[in-house]
Amino acid sequence: MILTNISNELKTEEAKRNWFDYWTHFSESPKSYCSEINCCNSNSHGAIVKKETHFKSDTFVIPLCEKHSNNYTFQIEVSDAVEMIPIDFCL
Ligand SMILES: [Zn+2]
């Protein structure tokens with residue numbers, strides 16, 4: 001599926017790692033891979049994405065590898081199996 005990456009506001013390495021910690025906290029399988037569909041690197045950074053439907057858009061956190069995290073792309077194709085954690089869970 002294609003997601004809209006809105007992580008351009010995550011300017012620091014620390015912010016990306018903090019969102020990765022958030023994702024790991026809620027994930028049922030945190031030891032896994034980058035969400036990008038063709039990537040086999042292990043995940044280490046969080047990204048904030050929007051999934052849009054006809055009626056609404058929801059915001060989620062997904063894990064990416066360092067390379068995909070640092071090469072910001074507005075749209076990113078991810079595996080349908082990726083675990084997407086809603087951004088508004090309470091820690
Ligand atoms: Zn990757």
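Begin at the zinc ion, where the four donor atoms subtend angles of 104 to 112°, which makes the arrangement tetrahedral; four donors count as tetrahedral if all angles lie between 85 and 135 degrees. For comparison, the ideal angle at a metal with four tetrahedral donors is 109.5 degrees. Select Cys34, Cys39, Cys65 and His68 and show their side chains: the protein donors are the SG atoms of the three cysteines and ND1 of His68, lying 2.0 to 2.3 Å from the zinc ion. Donors are here N, O and S atoms within 2.8 Å of the metal (3.2 Å for Na, K and Ca), and because water is not among the atoms, sites may look incomplete.

What you have open is a predicted model, in which local features need pLDDT of at least 70 and side-chain atom pairs count only at pLDDT 80 or more, while totals for chains, interfaces and linings use all residues. Residues are numbered from 1 along each chain as its sequence is written, and side-chain values use heavy atoms, with hydrogens and water left out.

Staying with the zinc ion, trace its donor residues along the sequence, where their spacing is C-x4-C-x25-C-x2-H. Cys39 and Cys65 link distant parts of the chain, 26 residues apart: Cys39 sits in the loop between helix H1 (13-26) and strand S2 (45-52), and Cys65 in the loop between strand S3 (57-64) and helix H2 (66-70). Helices (H or I, at least four residues) and strands (E, at least two) are DSSP runs numbered from the N terminus. Are these two cysteines, Cys39 and Cys65, buried or exposed? Cys39 counts as buried at 11% relative accessibility, and Cys65 is buried as well, with a relative accessible area of 2%. Buried means under 20% relative accessible area, exposed over 50%, and partly exposed in between, with a 1.4 Å probe and protein chains only.

Next, switch to a cartoon view and select the sheet, an open one of five antiparallel strands in the order S4-S1-S2-S3-S5. Two strands pair if DSSP finds at least two bridges between them, and in general the strands of a sheet pair through backbone hydrogen bonds, either parallel or antiparallel. The edges are strand S4 (75-77) and strand S5 (85-86), each of which pairs on one side only.

Walk across the sheet from the S4 side. Strand S1 (residues 2-5) is joined to S4 by three bridges, and Leu3 stands opposite Ile76 in S4. S1 is joined to S2 by two bridges, again antiparallel, with Thr4 opposite Lys50 in S2. S2 and S3 then pair over eight bridges and form a hairpin with four residues between them; to see their register, select Ile48 with its bridge partner Val61, then Val49 with its partner Phe60. S3 pairs with S5 over two bridges, where Val61 has Ile85 as its bridge partner.

Now select Leu3 by itself, in strand S1. Leu3 is buried, with a relative accessible area of 0%. Leaving aside neighbours within four places in sequence, Leu3 is in contact with residues including Val49, Ile62, Phe74, Val78 and Met84, contact meaning heavy atoms within 4.5 Å. If you draw a C-alpha to C-alpha distance from Leu3 to Phe60, the two are 9.8 Å apart in space and 57 residues apart in sequence.

Finish with the aromatic rings, of which the structure holds four pairs. Rings of Phe, Tyr and Trp (its six-membered ring) pair if their centres lie within 6.5 Å; planes under 30 degrees apart count as stacked, over 60 as edge-to-face and the rest as tilted. How are the rings of Phe20 and Trp23 arranged? Their centres are 6.0 Å apart and their planes at 20°, so the pair is stacked. Phe20 and Trp23 are three residues apart in helix H1, and are therefore separated by about one helical turn; both are buried.

Then select Phe26 and Phe89, an edge-to-face pair with 5.0 Å from centre to centre and 70° between the planes. This pair links distant parts of the chain, with Phe26 in helix H1 and Phe89 in the segment after S5, 63 residues apart. Phe26 counts as partly exposed at 23% relative accessibility, and Phe89 likewise at 38%. Add Trp19 and Tyr22 to the selection, and you have one aromatic cluster formed with Phe26 and Phe89.

Conventions:
Tetrahedral: all angles 85-135°; square planar, octahedral: opposite > 155°, others 65-115°.
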